[in-house]
Each structure stands twice: as structure tokens, then as C-alpha cells.
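Let's take a walk through this protein model, starting with its strands and ending where the chains meet. Keep the 3D view open as you read.

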Amino acid sequence: MTRLARRVALVTGAGGPMGRAIALKLACEGAHLVLTDISGNRLAGAAEAVAEAAPACRVVAHRANAMDRGEAGAVVARGIEELGAIDILVNVVGGIKSASLYTPFLELGEAQWDSTFALNLKPGFHLVQLVAPGMLERRRGRIVNVASVVFAGEPGQTDYAAAKAAVASLTRSLAMEFAPHINVNCIAPGMIQTSVVERLTDEDRSRFLDKCLLKRPGMPEEIADVVAFLSGDESSFITGEILAVSGGNHPSL
Amino acid sequence: MKLLEGHKAIVTGGGHPLGIGQATARLFVEHGAQVVVLDREFMPGALPDGQHPMTVDVSDADACRVALATAAELMGGLDVVVNNAGIVAATRIPQLSPAEFARMLEVNLIGTFNVTQAALPFLQRSDKGAAIVNVGSIAAQRGGGLLGGSHYAAAKGGVISFTKATARECGSLGIRANAVAPGIIETGMTAGKYDAERTRAICETIPLGRFGTALDVARVILFLASPMSSYLTGAVIDVNGGYHIH
């Protein structure tokens, strides 16, 4: 369990089900962690779970709104101060904040448009700018972004799908800009068993499952496994890749 | 952490010591798997301990059926199939004979089908999460142009489409099917094909600045064969150092 020994990973959105599973997996693979989330309670819960599962893991948990440059900067500064350097950045924070998971485009308010883009892109913008210089200096680093299979287009989720397409595009551009020193990749999860799935109507849920070849939602742990793969040596020759983790529900199928 | 503890695997095209197939077989053994290696011929010293060789031409469907049944009996089941066996040639369209084109498809594409079809009855009974990993190529994505001609690009494009169709048909049977799409990899297949100057020129256009190694690809095949990728099916993972970001 030492695939990521001595490496330090920063995980945003670490208090949610996906971020928490990723934090646990990376810790179990030997990484030390800098965790952040907008909710102090959820963040503390994730940090406790890590401490229990991987007692040797050094954890810096720092609550922040990662959309804010100053707050994101404070997370990175504390991580570097306590753990030395950040080798792996996993941008998990994002999602759909509106009350309904589906909003027809013609009813979409400008405020929601702006807030969806801010939530899904700003944290990555800040954190990559804050963390990549150190990685480039050490000539080693991994960045894993989290998009979604809907980046290819999804009716009723125009804002979210467009924002995730931007995440995918950003991944490719950064892979080119930071080569050959930082591998930048992106996962595109399908329907994963998180709080979002619980908000789906039965109809939307079965529509999603119809398109999924494995006929089940994925578990956050199955996302975490892929993030561990993209953070470790097994993926050393992969960069600029968008990897669907969707049970076969993805745009090219 | 061993990723294939107790798994039973077949790797085709593992008879060359420098190839992706052999690197994959070695890595699988390191990760706790039993491995049967299929190839037309085995170069002396290609197979270390822990791998069982079986001489088969994957373009022969009957031979594949016998080999798969024998291998599954030998190992006590089957969980993983890696369709790696393949040939390459750069023949240009005006010079390509129908026979050469057909042979390219027979080995690379129909060979993948033959082994997959013969493996399905055994994979269905796997209790470890059955996985098929096919080896495509960057040639399928950019239309050949390196070491592979149009027939190679078409065959590998077929492998990628066949992978997706396998994923669609077999998902509900609990069998995952994914592919890797290697870029320029240093193997017996590519050895000596690029001189120093051309190598330098190409590497300047690869974001990671180098050709890949057989192990680079084998590690991604390991991931796709293992439960670490349990929610991936129908995916094609580029292993090309960013050479073709599309």
C-alpha cells in the first residue's frame, strides 16, 4: 500500500462523498494529505475518517471557500508549511447548486449561469496557479480534474455541462503548457452514488441507468481508484486524457 | 499492493521479450496472477517463471477455442483476457495487395474477436470481475502515418470499435471491455525504425518528451484488468505521452 508513499496530495471538496473517498484511497496508498472543503463539519468528518483508516497519514485539514483566491492561497500555504510541497492536486469541488438538477435553458437565470461556472472552474483556476509553480520547479507533479460525462452535452444541465466541458478543455491545454513536467488528466464520472443521485427523480435515474452498460450507479470508491491510478506511476505516460468512469455511459459509445 | 491476487489471465502476443505483451505478463505475475501466454512463436528466454506458454495463431478460430479451454482448465478458470497479439506494416495503398490487407485484419482484428469469443463462456463464470483489455493504437486515431499503413490503422480502428461493442454486449454479463491506444512505444516492433534525428524531431512534439516503454503500456493494461477500474467499460485510454490529445 505504498504506491504514493512520501507524496503529498491536495484534495478540494474533500468533505463530499467523492472527495472523501479519494482522500481515503490516496491516504491508504501512502500519501500525506492537504484537505479542504467549504463545510468545516464535513471536512472534519473526512479528516477523522482518514485518521482512522490510515493512521500514518499526515493530514492538514483547512476549511476554505476555494472559489476565493485568498482562501485557496491559505490552504496551499499551510499545506506547504506543514508537509513540505504538494505533488498531486485533485480538483474535486464542483457540482450543481440549484434546487433542481434540471433547468430548461430558457428558464436559466444569469445568476445560476455565473455561479455554476464559478463553482466548477474558479477553484481549479486558483489552485492550479498556486500549486503548479512548485511542481514545475521540482519537475514533477500530477493534476487530476473532475469533469462529468455530461460535458458532451446534456439537456436541462446546459450550465453544468458547459462548465464541465471547460474543465475538460482546460485539462488538455494545461497538459500541453506544463509538459513534460506535470501530467494533467481529467476524469469524467457518470452517475455516482453521491448526494446528487439521491436528488434524481426515479425517471431521471432510470434514464441514466438505461445508458449505462454496467446497469448500476458507480461508487465513490470506484472514482477514487481511478484518481489513485492517475496520481501514481502506473499512469506516467498518460497526459491530457479525459477518462470516463461511467460504467460505459460516455459520449464516444 | 497486489492488484490481481488469485486472478487467472491470458495474454496474447507475449512471446517477444521486449513487447507490450511480455511486459504485461510479467507485471500480472508480479501482481499475483496466473498467466497463460499465447503466441505464434516464443523467442528463447522470453518467458520467465510463472508464465505458461501456448503456441497458437490467434487468426485460427478453432485453435483459439482449444487454447482457451485448455488454459482455463490449467488455471482453474479465467478472469482476464488481454488481446495484444498484432502485426504491423507500413505498406502504402498503391502497393497493398488484398492478401496483405486481409492478413492484417485477420491477425489484429479477427484474432481479437476469436480470442474474445472463445473466452466469453469462461469469463462469465469469473467471480473476480471479468475484464477484457484490447490493444488499439494511436494509428487508429490519427490514420496511421507512423509505422502503420492504412491496413494497420483500419485494423486497430476495428479493434477499438469492437471493444466498445463488446462492452455494450457484455456489460450485463459482468464483463468489462476496455482498450489502450499506445503511441510510439519502444518495443521489438519499433526497434531500429527511427534514427536518432527522427527520434529527436518526434520527441520534440510529444508533450512528455519521449517514446513510451512497454512497461508504460503494461501498467495501464494492469489498471484496466484490475478491480481498480471496476466502473470503466467501453473506454479507450491513450498511452502516448500527450502525442495525440484529441
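## Strands β1 and β2 of chain A

In this predicted model, β1(A) lines up with strand β2 (residues 32–35) of chain A in the parallel sense, and four bridges link the pair. If you want a spot to zoom in on, find A:A9, which stands opposite A:L33 in β2(A).

Now look at where the side chains of β1(A) go. A:V8 and A:L10 point one way, while A:A9 and A:V11 point the other way. Which of these are buried? All of them are.

## The whole sheet in chain A

Zoom out a bit, and you'll see that β1(A) belongs to an open sheet of seven strands. Reading across, the order is β3-β2-β1-β4-β5-β6-β7, with parallel pairing. The edges are β3 (59–61) and β7 (242–245) of chain A, each of which pairs on one side only. On average, neighbouring strands of this sheet are turned by 15 degrees against each other, direction ignored. As for what holds such an arrangement together, strands of a sheet pair through backbone hydrogen bonds, either parallel or antiparallel.

For another pair, try β4(A) and β5(A): they run parallel and are joined by four bridges. Here A:L89 stands opposite A:I143 in β5(A).

## Helix α4 of chain A

Next up is helix α4 (residues 110–138) of chain A. How far apart are its end C-alpha atoms? They are 42 Å apart, and this agrees with expectation because 29 residues at 1.5 Å a residue should span 42 Å. There is still a kink in α4(A), of about 40 degrees, at A:L121. The kink comes shortly before the proline A:P123.

Quite a few residues of α4(A) are buried, including A:T116, A:L119, A:P123, A:H126, A:L127, A:L130, A:V131 and A:M135. A handy rule for reading a list like that: an α-helix has 3.6 residues a turn, so residues three or four places apart point the same way. What covers the buried residues of α4(A)? Among the covering elements are β1 (8–11), β4 (88–91) and β5 (141–146), along with α3 (69–83), α5 (158–178) and β6 (182–189), of chain A.

## Odd spots in the loops of chain A

Right after α4(A) comes A:R139, which sits in the loop between α4 and β5 of chain A. Its phi is positive, about 55 degrees, although A:R139 is not a glycine. Is A:R139 buried or exposed? It counts as exposed, because it has 9 C-beta neighbours inside 10 Å, and the cut-off for exposed is 12 or fewer.

A:K215 also has a positive phi without being a glycine, this time of about 60 degrees. You'll find A:K215 in the loop between α7 (202–211) and α8 (220–231) of chain A. With 13 other C-beta atoms within 10 Å, A:K215 is partly exposed. One more thing to look for is the cis peptide bond between A:A179 and A:P180, where omega is about 0 degrees. A:P180 lies in the loop between α5 and β6 of chain A.

## Over in chain B

Strand β6 (residues 175–182) of chain B is mostly covered, with eight of its eight residues buried. B:I175, B:A177, B:A179 and B:A181 point one way, and B:R176, B:N178, B:V180 and B:P182 point the other.

This strand has partners to check out, too. Strand β5 (residues 130–135) of chain B runs parallel to β6(B), with six bridges joining them, and B:V135 has B:V180 as its bridge partner. β6(B) also pairs with β9(B) in the parallel sense, over four bridges; there, B:A181 is matched with B:D238.

## Where the chains meet

How many residues of chain B are in contact with chain A? The count is 29, touching 31 residues of chain A. On the chain B side, α5 (150–170), α7 (214–225) and β9 (236–239) each supply at least two residues. The largest share, five residues, comes from α7(B). Sorted by class, this side has 14 nonpolar, 10 polar and five charged residues.

α7(B) deserves its own look. From first C-alpha to last, its 12 residues reach 16 Å, close to the 16 Å expected at 1.5 Å a residue. α7(B) is mostly covered, with 11 of its 12 residues buried; B:V217, B:I221 and B:F223 are among them.

How values were computed. Residues are numbered from 1 along each chain as its sequence is written. Chains are lettered from A and ligands numbered from 1 in the order in which they are written. This is a predicted model: local features need pLDDT of at least 70, side-chain atom pairs count only at pLDDT 80 or more; totals for chains, interfaces and linings use all residues. The expected span of a helix is 1.5 Å times one less than its number of residues. The bend at a residue is the angle between axes fitted to the seven residues ending there and the seven starting there. A residue is buried if 20 or more other C-beta atoms lie within 10 Å of its own, exposed if 12 or fewer, and partly exposed in between; C-beta atoms are placed from the backbone. Two residues are in contact if their C-beta atoms, placed from the backbone, lie within 7 Å. Ala, Val, Leu, Ile, Met, Phe, Trp, Tyr, Cys and Pro count as nonpolar, Asp, Glu, Lys and Arg as charged, and the others, Gly among them, as polar. Two strands pair if DSSP finds at least two bridges between them. Axes are lines fitted to C-alpha atoms, for helices over the stretch in contact, and angles run from 0 to 180 degrees between N-to-C directions.
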